[in-house]
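Hi,

Here is the structure I promised to pass on. Have a look at it first, and then read my notes below.

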Amino acid sequence: MTPPTVLISGAGVAGPTLAHFLARGGFRPTIVERASGLRSSGNPVDVRGPALPVAEELGIMPQLRAAATHATSMLVIDAKGRPAGRIPMPSSKSAAGNSEVELPRGDLAKILQEAARGDAELLWDDTITSVSQDTSGVDVTFERAAPRRFDLLVGADGLHSAVRRLVFGPEREFVRHMGVWVATMPLDEPADHPRDVLMHNTPGRLVSIHPSTGRPMVAFIFRGPMVDGFDHRDTAQHKRIVTDAYAGAGWRVPELLARLQATPDLYFDSVSQVRLPSWSQGRVTLLGDAASCVSLFGDGSSLAMAGAHTLATALAASPSDHASAFMVYEAAHRTRTDAKQRAAGLAATMLIPKTRLGIATRNVAARVLLSRA
Ligand SMILES: Cc1cc2nc3c(=O)[nH]c(=O)nc-3n(C[C@H](O)[C@H](O)[C@H](O)COP(=O)(O)OP(=O)(O)OC[C@H]3O[C@@H](n4cnc5c(N)ncnc54)[C@H](O)[C@@H]3O)c2cc1C
């Protein structure tokens, strides 16, 4: 029997993890990725909780540790730049004794792509342009590659998933703005505090500098409603929104805003959750942020890895019954993602309190909570 073929859209965190475990389960995966090759950049993300056993099974713990950031605590900074309190970073362990790892998202994707090398055919610099399915397969056209037919299609292409749009409907039906925005950019200078994430809050606004692995990342995270005409690809609009939001802020904010104007490497987006009544339609299913984004507030990358493992395991158990496998995957993995989505409001309150009293209370509460974690 020829192995069933699976097209995965997206080589971020979920896509390569899925490809590896699908290949082990007797499937033939192909990944299509819009970017043109392996890149290493991005915001720090965590491999923790249910992702740790997945990383152990992939055999990538040494690579993850080698790419880990050096941050061990968060240092709260007041408007004059004085330290106003220290909050330890959480640190959990797997049953096998491995500690959670924080590393740049780009490095995590690169390590996972390397782990999946040889397991999947990779189509870089391309994207799906149309999908049509019948009872025996899925026909796909691409921007560059020739049209092909696959047994199954998985959308692991992130918050702004093309598969979700083409198969399930327009983004506005499933993506909810959480009243928070995030902008990040790298700082081309060594961190003053190589082990501390510096955090400066004013009501409804946070600026942080994360030491990362030597090239610090600045994040502006702030509360605000959806902007009329928001375009997630319009960098000039993004720079305007952030500059307006931080008018009058102290500490290093004026200098960081000047750098923001000049940076060629700005990430900006609405902090959003993705919610769909069902993650599958026929032979197509969604995974990672495309299915259940929690954005900043939750363990999105860990959930993406755990979900990929759950989906691959379900498909390997019922290779000729994708409908049952998709149901098993969704029932098992939704319990994880629903819990994280429900907790997002609390996480936002902790990260960006709305009032001065809220900021002071957060600083005390975080120290107590995290010292017990
Ligand atoms: C600022 C910020 C901070 C975060 N902090 C944390 C954190 O501290 N801890 C944590 O666990 N998580 C964090 N996250 C979330 C985490 O990054 C995501 O949840 C995780 O990357 C989701 O993995 P994914 O594979 O589903 O999607 P992604 O990692 O987004 O990968 C999607 C891939 O699909 C590709 N793609 C997109 N569109 C197409 C297309 N049309 N065709 C082909 N390919 C396409 C993209 O190029 C990308 O490679 C953060 C996210 C952001 C934005």
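Let me begin with one of the sheets. Six strands make up an open sheet, written as 6 strands in the order S7-S2-S1-S11-S18-S17, and the pairing in it is mixed. At its edges you'll find strand S7 (121-124) and strand S17 (280-281), each of which pairs on one side only. Do keep in mind that this is a predicted model.

If you zoom in on the S17 edge, S17 and strand S18 (residues 284-286) run antiparallel and are joined by 2 bridges. One residue pair to look for there: Ser280 has Thr285 in S18 as its bridge partner. Helix H10 (residues 322-342) packs on this sheet, where it touches strand S11 (152-155), S17 and S18. The direction of H10 makes about 10° with that of S18.

Now for the other sheet I looked at. This open sheet has 7 strands, in the order S5-S4-S13-S14-S15-S12-S16, again with mixed pairing. Strand S5 (83-88) and strand S16 (267-274) each have a single partner strand, so one side of each is left without a neighbour in the sheet. From one strand to the next, the twist averages 25°.

Within that sheet, strand S12 (residues 175-186) pairs with strand S15 (residues 217-223) in the antiparallel sense, over 7 bridges. Ala183, for example, has Phe220 in S15 as its bridge partner. Two helices are worth finding here. Helix H6 (residues 235-245) lies across S12, strand S14 (205-210), S15 and S16, and runs at about 70° to S15. Helix H7 (residues 253-262) packs on the sheet too, touching S12, strand S13 (196-202), S14 and S15, with its direction at about 105° to that of S15.

Then there's the ligand. Which residues come nearest to it? Of the 31 residues around the ligand, they are Ala14, Glu33, Arg105, Asp289 and Ser301. Side-chain N or O atoms of three of these sit opposite ligand oxygen atoms: the distance is 2.6 Å for Glu33, 2.9 Å for Arg105 and 2.8 Å for Asp289. On its own the ligand has 990 Å² of accessible area, and the protein covers 88% of that.

As for what the shell around the ligand is made of, it has 12 nonpolar, 11 polar and 8 charged residues. Strand S2 (28-33), strand S3 (44-47) and helix H9 (300-317) each supply at least two residues of this shell.

Best wishes

Conventions: Residues are numbered from 1 along each chain as its sequence is written. This is a predicted model: local features need pLDDT of at least 70, side-chain atom pairs count only at pLDDT 80 or more; totals for chains, interfaces and linings use all residues. Side-chain values use heavy atoms; hydrogens and water are left out. A residue is near a molecule or strand if one of its heavy atoms lies within 4 Å of it. A polar contact is a pair of N or O atoms within 3.5 Å; within protein, one must be able to donate a hydrogen and the other to accept it, and residues adjacent in sequence count only if both atoms are side-chain atoms. Accessible areas come from the Shrake-Rupley method with a 1.4 Å probe; for residues, only the protein chains shown count as cover. Helices (H or I, at least four residues) and strands (E, at least two) are DSSP runs, numbered from the N terminus. Ala, Val, Leu, Ile, Met, Phe, Trp, Tyr, Cys and Pro count as nonpolar, Asp, Glu, Lys and Arg as charged, and the others, Gly among them, as polar. Two strands pair if DSSP finds at least two bridges between them. Axes are lines fitted to C-alpha atoms, for helices over the stretch in contact, and angles run from 0 to 180 degrees between N-to-C directions. Contact means heavy atoms within 4.5 Å.
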